Amino acid sequence: MPRPKKLPTADAVKILHRRYYEGKPDRLAALEEARVNDDVARKIASMRTEAGLTQRQLAKLIGTTASVIC
(Lines give C-alpha, C1' and ligand atoms only; values in the text may rest on other atoms or scores of the structure.)
Protein backbone atom coordinates (compact mmCIF):
# COMPACT_ATOMS: atom_id res chain seq x y z
CA MET A 1 0.00 0.00 0.00
CA PRO A 2 1.57 3.34 -1.01
CA ARG A 3 2.17 5.94 1.68
CA PRO A 4 0.04 9.06 1.49
CA LYS A 5 1.84 12.07 0.10
CA LYS A 6 2.65 14.91 2.49
CA LEU A 7 0.81 18.04 1.56
CA PRO A 8 3.11 20.90 0.61
CA THR A 9 3.16 23.88 2.93
CA ALA A 10 4.29 27.46 2.59
CA ASP A 11 4.48 27.89 6.38
CA ALA A 12 8.17 28.42 7.12
CA VAL A 13 7.81 27.40 10.78
CA LYS A 14 6.22 24.08 9.80
CA ILE A 15 8.93 23.46 7.21
CA LEU A 16 11.71 24.16 9.71
CA HIS A 17 10.04 22.07 12.41
CA ARG A 18 9.66 19.13 10.05
CA ARG A 19 13.24 19.45 8.77
CA TYR A 20 15.07 19.96 12.07
CA TYR A 21 12.87 18.70 14.92
CA GLU A 22 10.35 16.08 13.78
CA GLY A 23 11.42 12.67 15.06
CA LYS A 24 14.46 14.08 16.90
CA PRO A 25 13.75 13.93 20.65
CA ASP A 26 17.10 15.46 21.65
CA ARG A 27 16.47 18.52 19.51
CA LEU A 28 12.89 18.81 20.73
CA ALA A 29 14.10 18.70 24.35
CA ALA A 30 16.69 21.42 23.64
CA LEU A 31 14.01 23.54 21.94
CA GLU A 32 11.70 23.19 24.95
CA GLU A 33 14.54 24.12 27.32
CA ALA A 34 15.30 27.22 25.23
CA ARG A 35 11.63 28.21 25.33
CA VAL A 36 11.53 27.86 29.13
CA ASN A 37 14.75 29.90 29.49
CA ASP A 38 13.33 32.60 27.23
CA ASP A 39 10.13 32.74 29.28
CA VAL A 40 12.08 33.13 32.53
CA ALA A 41 14.31 35.83 31.03
CA ARG A 42 11.29 37.80 29.79
CA LYS A 43 9.62 37.59 33.22
CA ILE A 44 12.78 38.81 34.96
CA ALA A 45 13.13 41.69 32.51
CA SER A 46 9.49 42.65 32.98
CA MET A 47 9.72 42.58 36.78
CA ARG A 48 12.99 44.54 36.69
CA THR A 49 11.38 47.20 34.53
CA GLU A 50 8.29 47.36 36.73
CA ALA A 51 10.55 47.82 39.76
CA GLY A 52 12.30 50.70 37.99
CA LEU A 53 15.71 49.04 38.12
CA THR A 54 18.45 49.17 35.53
CA GLN A 55 20.33 46.02 34.63
CA ARG A 56 23.29 47.34 36.57
CA GLN A 57 21.18 48.00 39.68
CA LEU A 58 19.63 44.52 39.58
CA ALA A 59 23.04 42.96 39.11
CA LYS A 60 24.37 44.77 42.17
CA LEU A 61 21.35 43.69 44.25
CA ILE A 62 21.84 40.02 43.44
CA GLY A 63 25.64 40.03 43.52
CA THR A 64 26.52 39.61 39.86
CA THR A 65 27.53 41.78 36.93
CA ALA A 66 25.39 43.69 34.45
CA SER A 67 26.68 41.50 31.62
CA VAL A 68 25.12 38.45 33.31
CA ILE A 69 21.78 40.28 33.48
CA CYS A 70 22.06 41.27 29.83
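A pocket is an open set of grid points with protein on both sides within 12 Å along at least five of seven lines, and its lining residues have an atom within 4 Å of a point. With that in hand, let's look at some close-ups of this predicted model.

**Figure 1. The largest pocket and its lining.** Rolling a probe the size of a water molecule over the atoms shows where empty space is left. Here, the largest pocket holds about 180 Å³ of space. Which residues line the largest pocket? They are Ala41, Ile44, Ala45, Arg48, Gln55, Val68, Ile69 and Cys70. Sorted by character, the lining has 6 nonpolar residues, 1 polar and 1 charged. Helix H2 (25-50) and helix H4 (66-69) each give at least two residues to this lining, and H2 provides the largest share, with 4 residues.

**Figure 2. Ala41, a lining residue in helix H2.** Find Ala41 in helix H2; it is one of the residues lining the largest pocket. Is Ala41 buried, exposed or partly exposed? Ala41 counts as partly exposed because its relative accessibility is 43%. Another lining residue is Ile69. Ala41 and Ile69 are 28 residues apart in sequence, while their C-alpha atoms are 9.0 Å apart in space.

**Figure 3. Arg48, buried without a salt bridge.** Arg48 also belongs to helix H2 and to the lining of the largest pocket. This residue is buried, yet it has no salt bridge. Where is the nearest side chain of opposite charge? That is Glu50, 11 Å away from Arg48. Leaving aside residues up to four places away in sequence, Arg48 touches Leu53, Thr54, Gln55 and Leu58.

**Figure 4. Two salt bridges along helix H2.** Side chains of opposite charge can pair when their charged atoms come close. How many salt bridges does the structure hold? There are 2. In one, the side chains of Asp38 and Arg42 meet, with 2.8 Å from N to O. Because Asp38 and Arg42 are 4 residues apart in helix H2, about one helical turn separates them. Asp38 is partly exposed at 37% relative accessibility, whereas Arg42 is exposed, with a relative accessible area of 57%. In the other, Lys43 pairs with Asp39, and their closest N and O atoms are 3.2 Å apart. Lys43 and Asp39 also lie 4 residues apart in helix H2, about one turn of the helix. Lys43 is partly exposed at 47% relative accessibility, and Asp39 is partly exposed at 38%.

Note on methods:
Residues are numbered from 1 along each chain as its sequence is written. This is a predicted model: local features need pLDDT of at least 70, side-chain atom pairs count only at pLDDT 80 or more; totals for chains, interfaces and linings use all residues. Side-chain values use heavy atoms; hydrogens and water are left out. On a 1 Å grid over the protein atoms alone, a cavity is a set of points where a 1.4 Å probe fits but cannot get out, and a pocket is an open set with protein on both sides within 12 Å along at least five of seven lines; lining residues have an atom within 4 Å of a point. Grid points are joined across faces, edges and corners, and a volume is the space filled by probe spheres set on the points. Ala, Val, Leu, Ile, Met, Phe, Trp, Tyr, Cys and Pro count as nonpolar, Asp, Glu, Lys and Arg as charged, and the others, Gly among them, as polar. Buried means under 20% relative accessible area, exposed over 50%, partly exposed in between (1.4 Å probe, protein chains only). Lys and Arg count as positive and Asp and Glu as negative; His and the chain ends are not counted. A salt bridge is a side-chain nitrogen of Lys or Arg within 4 Å of a carboxyl oxygen of Asp or Glu. Contact means heavy atoms within 4.5 Å.
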